[in-house]
Amino acid sequence: MTTVSTLPEVVTVRAPAKVNLELRVGPRRADGYHGLATVFQAVSLHDEVSVSRSDEWQVVAAGHYADLIPSGTDNIAVRAAQLVAERGGIDEALTIRIDKDIPVAGGMAGGSADAAATLLACDQLWGLALDRDELSELAAELGSDVPFPLLGGNLMGSGRGEQLTPVLARGSFNWVFAVSGTGLSTPEVYAEIDRLRADADVPEPRVSARLMAALRRGDAEALGSALANDLQDAAFSLRPELRELCEAGVDFGALGAIVSGSGPTVAFLTASHEAALDLSVSLSAAALCRDIRRAKGPVHGAHVVPAPRTPV
Ligand SMILES: C[C@](O)(CO)[C@H](O)COP(=O)(O)OP(=O)(O)OC[C@H]1O[C@@H](n2ccc(N)nc2=O)[C@H](O)[C@@H]1O
Ligand SMILES: Nc1ncnc2c1ncn2[C@@H]1O[C@H](COP(=O)(O)OP(=O)(O)OP(=O)(O)O)[C@@H](O)[C@H]1O
């Protein structure tokens, strides 16, 4: 008996945002990147990417932050799809629909999530059956943050952030994210840390034992006080108002506050779902940011879903 396998007409993949629980930045390397020691946690803000065959390449954006992403071939999702096409020897154009719920240029790796989602979606659409290692290799070509949202959970990142290893972790954490009206450019934030540390002797980056112990125990209070980000001073230097936002959240009861990645989103860890709701109300009343989003972490990495959450 022969089996006939038909390729799908459309594939939708959901991929998560991230927060760096700890981000240690080493000296600038000869290739322009910085060596990192970081712990990523995937959180429940998701973008969805749907791919289907088309006469020409196009990006259709929907969702909360649709207006803020490029609609042309400079969208990282198009670059991701073209990379898979090249790997698979495919000569087809696609329509890529992005349902954008992850803040843009916010330090939450939203573009990276879209790239990771697109890699997986194209693999399924074209029936290539690339394995996780091949997808991770393509992901690393697209950006340092792209391999993480393929896998999700809690992972340690080294190298320029693209080399991932498991960490022992338990528990589920309640986050509140304060999203700014204007994004920050990741290269500019790295350039600012170089400027601020120009005269300093920068050690090799290392994640603290305190943070690892807090994660191992699933202890939110200990995790709150262990959150750390070497890029935070650079983000404060470029956006002084972020310092006030961090302090306000802690005054309102957060267990810890940290600039997410290269910012300007600020992540607040809270003790419970109810505490997250209370903090959201207080932050809203203080009117210090554009948007307030709640999420839980960790969540799974990129995965196929049967249909997009908003109708096409
Ligand atoms: C800040 C983080 O989000 C923390 O996870 C990431 O390090 C950023 O990763 P990303 O946005 O995927 O960055 P990439 O697209 O790889 O690189 C963009 C630019 O950021 C700077 N960059 C990025 C990663 C890294 N380890 N060192 C760097 O100096 C470089 O100037 C680089 O040209
Ligand atoms: N699909 C996409 N989604 C978001 N931004 C995109 C996308 N494609 C290209 N971009 C461009 O990439 C820039 C960075 O966007 P992104 O949302 O990934 O930033 P980020 O969350 O700060 O990234 P990271 O945390 O990985 O440094 C944006 O300013 C935008 O112009």
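Trainee: How does α2 pass α3, in a left-handed or a right-handed crossing?

Mentor: In this predicted model, the crossing of α2 with α3 is right-handed.

Trainee: What makes α2 oblique to α3?

Mentor: Start with the angle: helix α2 (residues 110-125) packs on α3 at about 140°, and the two axes are 10 Å apart. Roughly antiparallel would need an angle over 145 degrees, and roughly perpendicular covers 65 to 115. An angle of about 140° fits neither, and therefore α2 counts as oblique to α3.

Trainee: Which residues of α2 and α3 meet?

Mentor: From α2 come Ala115, Ala116, Leu119, Leu120 and Asp123, and from α3 come Leu135, Leu138, Ala139 and Leu142. By class, this contact has 8 nonpolar, no polar and 1 charged residues.

Trainee: And why are α1 and α3 called oblique to each other?

Mentor: Helix α1 (residues 76-88) and helix α3 (residues 132-142) pack at an angle of about 135°, with axes 10 Å apart. Angles over 145 degrees count as roughly antiparallel and those from 65 to 115 as roughly perpendicular. The pair falls in neither range, so α1 and α3 are oblique. Their crossing is right-handed.

Trainee: Which residues make the contact of α1 with α3?

Mentor: On α1 they are Ile76, Arg79, Ala80, Leu83, Val84 and Arg87, while α3 offers Leu138, Glu141 and Leu142. Sorted by class, that gives 6 nonpolar, no polar and 3 charged residues.

Trainee: How do you know that domain 1 and domain 2 are in contact?

Mentor: The domain assignment gives domain 1 (10-166) and domain 2 (173-297). Two residues count as in contact when their C-beta atoms lie within 7 Å, and 29 residues of domain 1 are in contact with 34 residues of domain 2. On the domain 1 side, β1, β2 and β5 (154-158) each supply at least two residues. That side has 17 nonpolar, 9 polar and 3 charged residues. The domain centres, taken over C-alpha atoms, are 22 Å apart.

Trainee: What makes up the shell around ligand 1, by residue class?

Mentor: The shell divides into 6 nonpolar, 12 polar and 2 charged residues. Of the 20 residues around ligand 1, those that come nearest are Gly143, Ser144, Asp145, Arg160 and Gly261. The elements giving two or more residues to this shell are β1 (10-28), β2 (34-54) and α5 (186-196).

Trainee: Which domains does the shell around ligand 1 draw on?

Mentor: At least three residues come from each of domain 1 (10-166) and domain 2 (173-297).

Methods. Residues are numbered from 1 along each chain as its sequence is written. Chains are lettered from A and ligands numbered from 1 in the order in which they are written. This is a predicted model: local features need pLDDT of at least 70, side-chain atom pairs count only at pLDDT 80 or more; totals for chains, interfaces and linings use all residues. A residue is near a molecule or strand if its C-beta atom, placed from the backbone, lies within 6 Å of it. Helices (H or I, at least four residues) and strands (E, at least two) are DSSP runs, numbered from the N terminus. Ala, Val, Leu, Ile, Met, Phe, Trp, Tyr, Cys and Pro count as nonpolar, Asp, Glu, Lys and Arg as charged, and the others, Gly among them, as polar. Domain bounds come from an automatic or database domain assignment. Axes are lines fitted to C-alpha atoms, for helices over the stretch in contact, and angles run from 0 to 180 degrees between N-to-C directions. Angles under 35 degrees count as roughly parallel, over 145 as roughly antiparallel, 65 to 115 as roughly perpendicular and the rest as oblique. A crossing is left-handed if the near helix is turned anticlockwise from the far one by less than a right angle, and right-handed if clockwise.
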